[in-house]
Amino acid sequence: MSAAQSETAGPDLTQGVAIDTLADGAMVAGHVGDAAVLIARRGNEFFAIGATCTHYNGPLAEGLIVDDTVRCPWHHACFSLRTGEALHAPALAPVACWSTEQRDGKVFVREKATRAPRLRVAPLRESPRKIVIIGGGAAGFAAAEMLRRQRYEGSIVMLSDDAAPPVDRPNLSKDYLAGSAPEDWVPLRADSFYTEASIDLRLKTAVTAIDVPAREVALRDGSKVAYDRLLLATGAEAVRLPLPGMDLPHVHTLRTLDDCRAIIARAATSRRAVVMGASFIGLEVAASLRSRGIDVHVVAPDKRPMERVLGAQIGDFVRGLHEEHGVIFHLEDTATAIDARRVTLKSGGTIDADLVVAGVGVRPRLTLAEKAGLAIDRGVTVNAYLETGAPGIFAAGDIARWPDVHSGGAIRVEHWVVAQRQGQIAALNMLGGREKFDAVPFFWSQHYDVPINYVGHAESWDELVIEGDVAKRDCTVHYKRGGRVLAVASIYRDTASLKVEAAMEQADKS
Ligand SMILES: Cc1cc2nc3c(=O)[nH]c(=O)nc-3n(C[C@H](O)[C@H](O)[C@H](O)COP(=O)(O)OP(=O)(O)OC[C@H]3O[C@@H](n4cnc5c(N)ncnc54)[C@H](O)[C@@H]3O)c2cc1C
Ligand code: FES
């Protein structure tokens with residue numbers, strides 16, 4: 001997360017920009033007074049909107065125009081050029097809009113304009129009165145926010161067994177854990193948001209059962225909450241290995257803000273950490289602990305980090321990157337026991353450690369869905385509209401297995417942006433909309449200063465094509481099966497990543 005540009009960088013757009021310097025689909029970044037603004041050209045239309053992404057301040061003018069939207073280069077948020085609305089997560093707040101005027105071969109930015117977001121659902125004659133969301137994470141929050149954005153006026157009850165209100169979970173293994181993000185970056189919204197938006201957020205509230213015929217959910221305290229529509233967004237929980245010593249106080253997993261705070265507290269007095277697992281969360285934790293000056297050893301059964309998802313070349317690169325930062329790998333090895341001072345390895349050695357973090361994968365939280373009799377297939381089975389087979393019940397996020405148009409199979413992923421976008425689509429459909437979830441899956445991961453972006457979904461591939469140079473941190477890696485590109489990972493090739501996403505969307509439409 002960083003400021004993308006100084007507010008007054010570039011030309012003063014009120015002085016006009018020559019139209020013939022702006023090709024169709026081009027953008028120019030400048031400013032209006034103190035505000036960073038961009039002008040975008042789409043055919044013969046010109047739009048002026050805020051130039052800074054409302055997610056992590058990405059520079060929108062370096063993104064991509066697709067139809068009448070602009071996509072952020074960093075994590076693919078999508079904004080309407082017409083209204084500034086954040087149409088697709090991870091940005092959830094709009095950017096400002098300005099009116100434009102064409103005169104004497106130039107386009108000028110004029111006054112700030114107020115444009116209401118487009119209503120995406122025609123109001124139902126009998127709209128649901130009570131919507132209950134189980135889960136206060138990515139999908140649950142995005143759904144509640146979208147319901148209110150669509151001017152839904154009925155009741156929203158959000159039930160979460162977490163102690164914290166919805167947080168920016170990806171940050172918990174990155175800047176926040178590294179100590180470089182202030183506390184106020186973590187909540188997705190200030191506490192006042194829930195009161196102002198009339199969202200009845202109930203924390204530390206576990207749902208124990210769903211009564212499908214009665215349309216109500218049971219809480220651990222014995223009370224019940226009735227619903228007309230229900231969104232199941234229970235996410236996933238960190239896997240805990242069945243090892244002697246896993247329950248010692250210096251051994252942690254990472255899913256919640258409380259987990260993260262506990263690691264930070266322990267890190268304050270730790271000199272050496274063992275991270276178990278060499279995939280995304282484990283290695284992001286390793287990088288963050290290195291930023292705190294802690295020695296880090298990574299223990300994992302894999303031959304290479306992240307190879308299963310990203311292939312050998314990126315795996316080797318990621319390993320080298322972490323080694324440059326002082327991380328020591330113990331690959332093709334596992335921990336067999338942990339005690340207060342050390343971790344014992346299967347290979348026979350031991351590693352001294354006063355902090356242990358297990359990042360060995362997550363398990364979707366399916367118990368409620370199973371008990372309610374919903375169809376389960378290594379996840380909650382939903383259709384393209386994110387409906388389960390039970391009337392009025394939708395599912396989204398890490399638990400949902402949906403028919404993915406791009407790969408042609410039913411898939412379940414554990415990506416922040418997918419969970420949020422599913423929450424948004426589920427919200428529209430709970431209001432009576434009929435929008436398919438057809439977004440191209442996207443995730444990012446960050447290691448030190450190196451971001452890795454990934455679009456599409458490839459569980460396996462028979463060909464891997466690299467454009468550019470992985471070692472030079474300037475590449476796209478194409479995962480193909482039968483000659484078809486299933487997914488593309490990229491390092492510092494943001495525009496290419498956006499173009500692949502747009503091309504996949506287009507291919508599916510046609
Ligand atoms: C540390 C970390 C870093 C990550 N980084 C990235 C990243 O960089 N990029 C990326 O794409 N993805 C990342 N992810 C994955 C991403 O955070 C998840 O895919 C996303 O949070 C899933 O959203 P969700 O809404 O399905 O579940 P969650 O966000 O986990 O939310 C689930 C909610 O349900 C609640 N809940 C569950 N069961 C019950 C119950 N019975 N009663 C009441 N409440 C219940 C939980 O308390 C929680 O509030 C990261 C995950 C972690 C943990
Ligand atoms: S900074 Fe724009 S999507 Fe993250």
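How many bridges join strand β33 to β36, and in which sense do the two strands run? Keep that in mind while you get your bearings: what you have open is a predicted model. The tour starts at these strands, moves on to the ligand, and ends with a few stops in loops.

**Stop 1: the strands around β36**

Select residues 450-456, which make up β33, and then add β36. Five bridges join the two, and they run antiparallel. For one pair to click on, take Asn-453: its bridge partner in β36 is Ser-490.

Now show β36 by itself, residues 484-491. Six of its eight residues are buried, so the strand is mostly covered. If you show side chains here, remember that in a regular strand they alternate between the two faces of the sheet.

Next, add β35, residues 474-481. Seven bridges tie β35 to β36, again in an antiparallel arrangement. Thr-476 stands opposite Ser-490 of β36, and Ser-490 is also the residue you met as the partner of Asn-453. Another pair to pick out is Arg-481 with Arg-484, its bridge partner in β36. Between the two strands of this hairpin there are two residues, and Gly-482 takes a positive phi near 55°. As for cover, β35 has six buried residues out of eight.

One more strand to select here is β34, residues 463-469. β34 pairs with β35 over seven bridges, in the antiparallel sense. Look for Asp-469, whose bridge partner in β35 is Asp-474. β34 and β35 form a hairpin too, with four residues between them. In that turn, click on Arg-473, which has a positive phi of about 60°.

**Stop 2: ligand 1 and its shell**

Now center on ligand 1 and show what lies around it. You should find 34 surrounding residues, the closest being Ala-139, Asp-161, Lys-174, Arg-255 and Asp-398. Color the shell by class and you get 16 nonpolar, ten polar and eight charged residues.

Which elements supply at least two residues each of this shell? Helix α1, helix α8 and strand β32 do.

Here are three contacts to check with the distance tool:

- Ala-138: a backbone N or O atom sits 3.1 Å from an oxygen atom of ligand 1.
- Arg-365: an N or O atom in the side chain is 3.4 Å from a nitrogen atom of the ligand.
- Trp-416: a backbone N or O atom lies 2.9 Å from an oxygen atom of ligand 1.

Then switch on a surface: ligand 1 taken alone exposes 990 Å², and the protein buries 95% of that.

**Stop 3: helix α1**

Select residues 138-149 to bring up α1. Is this helix mostly covered or mostly open? Mostly covered: twelve of its twelve residues are buried. Among them are Phe-141, Glu-145, Met-146 and Arg-148, along with Ala-138, the residue whose backbone you just checked against the ligand.

Try a distance from end to end. At 1.5 Å a residue, the twelve residues of α1 should span 16 Å, and the end C-alpha atoms are indeed 16 Å apart. Following the helix comes Arg-151, whose phi is positive, near 60°.

**Stop 4: helix α8**

Jump to residues 416-430 for α8. The expected span for its 15 residues is 21 Å, which agrees with the 21 Å between its end C-alpha atoms. Because 15 of its 15 residues are buried, α8 is largely enclosed by the rest of the structure. Just after the helix, select Gly-432, which takes a positive phi of about 105°.

**Stop 5: a few loops**

Go to the loop between β4 and β5 and pick out His-55. At 17% relative accessibility, His-55 counts as buried. Its side chain makes a polar contact with the side chain of His-75, at 3.2 Å.

Asn-57 is in that loop too, between β4 and β5. Asn-57 is not a glycine, yet has a positive phi of about 70°. With 33% relative accessibility, Asn-57 counts as partly exposed.

Now move to Pro-90, in the loop between β8 and β9. The peptide bond leading from Ala-89 to Pro-90 is cis, with omega near 15°.

Finish at Tyr-448, in the loop between β32 and β33. Tyr-448 is not a glycine either, but has a positive phi of about 55°. With a relative accessible area of 18%, Tyr-448 is buried.

Technical notes:
Residues are numbered from 1 along each chain as its sequence is written. Chains are lettered from A and ligands numbered from 1 in the order in which they are written. This is a predicted model: local features need pLDDT of at least 70, side-chain atom pairs count only at pLDDT 80 or more; totals for chains, interfaces and linings use all residues. Side-chain values use heavy atoms; hydrogens and water are left out. The expected span of a helix is 1.5 Å times one less than its number of residues. Buried means under 20% relative accessible area, exposed over 50%, partly exposed in between (1.4 Å probe, protein chains only). A residue is near a molecule or strand if one of its heavy atoms lies within 4 Å of it. A polar contact is a pair of N or O atoms within 3.5 Å; within protein, one must be able to donate a hydrogen and the other to accept it, and residues adjacent in sequence count only if both atoms are side-chain atoms. Accessible areas come from the Shrake-Rupley method with a 1.4 Å probe; for residues, only the protein chains shown count as cover. Ala, Val, Leu, Ile, Met, Phe, Trp, Tyr, Cys and Pro count as nonpolar, Asp, Glu, Lys and Arg as charged, and the others, Gly among them, as polar. Two strands pair if DSSP finds at least two bridges between them.
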